[in-house]
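Welcome to my notebook. I went through this structure one question at a time, and here is what I wrote down.

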Amino acid sequence: MKKVYIITNKAKDPSLSVTKDLVTLLKKQDIESVLSPAPMEKDVDCIFVLGGDGTLLKAATDFADVDVPFLGINLGNLGFMTEVETGQMESAVRALKDHSYSIEERMMINGKLCRKDGQPVVYHALNDIVLTRKGSLHILAFEIYVNGQFLNGYKADGMIVSTPTGSTGYNMSAGGPIIEPRAKMILLTPICPHTLNARSIVLSADDEILIRITNGRNGEIQDMEVDFDGTISEDLTTGDEVYITRSERVTKFIRLSHVSFLEILNKKFND
């Protein structure tokens with residue numbers, strides 16, 4: 001480990017005191033650091049993210065094209081992705097210098113938007129792709145196909161298509177299952193479905209999901225939006241389609257075995 005890139009959530013470290021402490025610790029181990037928003041250089045070995053899960057998620061989305069592992073320093077409440085507390089930074093830096101760590105890969109998903117009046121566009125997500133309403137409150141109508149076969153027509157407030165990493169986010173809040181983040185699968189969880197038999201569905205990571213926007217009540221045109229990890233939003237209307245598949249890209253996390261997923265889950269359950 002020779003050079004790292006540091007991204008700091010300045011709302012959580014306004015004086016940059018924690019960031020400066022990290023830079024000092026890295027320098028003691030002869031590890032060079034570059035601070036955002038300076039450009040990230042090609043020879044960076046690791047990306048430090050100081051903040052919470054949201055900060056780490058945004059960084060993973062912003063740098064999805066970069067094959068560099070992330071290490072989250074927790075500056076907020078106990079999260080599911082940031083595993084190092086500020087009091088553990090020194091031991092974490094030593095572990096990096098000594099190569100005493102492992103790399104954990106998390107699957108990502110692609111969402112390809114196919115509109116009636118435009119070229120297809122593709123976005124990537126580590127957590128989830130969420131179909132939701134736009135504008136006034138109304139029930140959304142859409143159809144879902146899996147591998148070309150019709151699954152169901154939904155009337156709901158939206159649909160969450162989640163990775164295992166995202167299972168502890170919006171998916172969990174909507175009543176979906178919690179999945180071990182290293183698993184390989186895709187979750188479908190309707191948001192406030194207007195029916196008694198709509199449940200979350202767990203699919204293979206290799207399945208292709210198609211969400212087709214249909215006409216709404218009384219045949220009216222529907223306007224919706226689709227969000228990617230809560231950072232990118234695109235408008236949709238009747239006739240548009242979203243194809244969701246497993247991405248060829250993965251997000252890599254450095255693991256130092258400080259806290260396991262089950263330990264975090266246990267603490268969350270008992271808070």
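Which exposed residues does the face of helix 5 turned away from its buried side carry? I looked there and found L262 and N270. A reminder to myself: this is a predicted model.

**Entry: the buried side of helix 5**
I then turned to the buried residues of helix 5, which runs over residues 261–270. I noted F261, I264 and L265 as buried. They share one side of the helix because they cover an arc of only 100° around its axis.

**Entry: salt bridges around K3**
Next I looked up salt bridges, and the count came to 15. One of the pairs is K3 with E32, whose closest N and O atoms are 3.9 Å apart. K3 sits in strand 1 (residues 3–8) and E32 in strand 2 (residues 32–35), so I was following a link between distant parts of the chain, 29 residues apart. I also found K3 in a salt bridge with E41, at 2.4 Å from N to O. E41 lies in the loop between strand 2 and strand 3, 38 residues from K3.

How exposed are these three? K3 is buried, at 7% relative accessibility, whereas E32 is partly exposed at 42% and E41 partly exposed at 36%. I also jotted down that K3, E32, E41 and D43 are linked in a network of salt bridges.

**Entry: R255 and E104**
My last stop was the salt bridge of R255 with E104, with 3.7 Å between the closest N and O atoms. R255 is in strand 17 and E104 in strand 6, so the pair ties together parts 151 residues apart in sequence. I found both R255 and E104 buried.

Conventions: Residues numbered from 1 in each chain as written. Predicted model: local features only at pLDDT ≥ 70, side-chain atom pairs only at ≥ 80, totals over all residues. Heavy atoms only, no water. Buried < 20%, exposed > 50% of the residue type's maximum accessible area, 1.4 Å probe, protein only. Helix = DSSP H or I, 4+ residues; strand = E, 2+ residues; numbered from the N terminus. Arc of directions from axis to C-beta. Salt bridge = Lys/Arg side-chain N within 4 Å of Asp/Glu carboxyl O.
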